[in-house]
Amino acid sequence: PGNDYNQSQAQHPDTKSTLWCPQVDQLTALGIGMNPTGDTLHSIEHRLAAAVKHFWARKRQLLCNKIPVNMRIKRFYQTVGRTLLWGAGGWTMTSYLAARLESFELSYLRRILGIRRSADESFIDYLKRSASRIRRIIHSLEIPSLVQQVFSLMHGWSGHVARLDSGEVMARALNWKGVSW
């Protein structure tokens with residue numbers, strides 16, 4: 001009471017005392033972003049921000065020309081990629097989100113590779129040329145793109161849920177159908 005933000009109240013079942021909980025638009029817990037609608041965008045934006053921080057914390061390793069480029073790219077996926085994909089198995093992928101992830105990936109790999117735009121080159125030609133070169137290198141290193149990794153994680157989680165014994169609490173919770181179903 002007395003706060004200027006929305007609150008909801010609930011009675012604690014054991015003590016019969018009233019609990020006040022602030023209502024928030026977004027919540028981040030255990031590195032995963034959540035919002036009331038269950039939208040994946042907030043979670044992905046949170047993970048992208050964490051990945052950017054991680055990239056700049058490792059800037060000296062990832063941008064050092066003395067380190068072979070294949071090692072720098074592998075390190076990018078092992079560190080920044082894993083930071084980004086934390087909790088990705090539960091994301092709902094859309095074409096917009098896939099494009100957002102691909103844009104992030106290509107942007108930071110351009111920095112690692114030191115791909116620059118020539119003076120007489122249009123920006124679109126630069127993006128096409130750099131994306132083509134990056135994809136060739138990634139393919140030669142046999143590293144799946146971040147979007148491919150997200151789909152792999154999503155399908156891995158789905159398989160885990162499908163294999164659950166029907167008597168387990170988690171399986172019952174995931175298969176529960178309320179009155180509105």
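1. Let's start with helix α5, a run of 18 residues (123-140) that spans 26 Å from first to last C-alpha, close to the 26 Å expected at 1.5 Å a residue. The expected span is 1.5 Å times one less than the number of residues, and helices here are DSSP runs of H or I with at least four residues, numbered from the N terminus. Please keep in mind that this is a predicted model, where local features need pLDDT of at least 70, side-chain atom pairs count only at pLDDT 80 or more, and totals for chains, interfaces and linings use all residues. Residues are numbered from 1 along each chain as its sequence is written, and side-chain values use heavy atoms, without hydrogens or water.

2. Now to its two faces. Buried in α5 (under 20% relative accessible area, 1.4 Å probe, protein chains only) are Tyr-126, Ser-130, Ala-131, Ile-134, Ile-137 and Ile-138. They sit on the same side of α5 because they cover an arc of only 130 degrees around the axis, taken from the directions from the helix axis to the C-beta atoms. The face turned away carries the exposed (over 50%) Ile-124, Lys-128, Arg-136, His-139 and Ser-140.

3. The cover over the buried residues of α5 includes α3 (69-84) and α4 (95-113).

4. Just beyond α5, do look at Glu-142, which has a positive phi of about 55 degrees.

Terms used. Helix = DSSP H or I, 4+ residues; strand = E, 2+ residues; numbered from the N terminus. Contact = heavy atoms within 4.5 Å.
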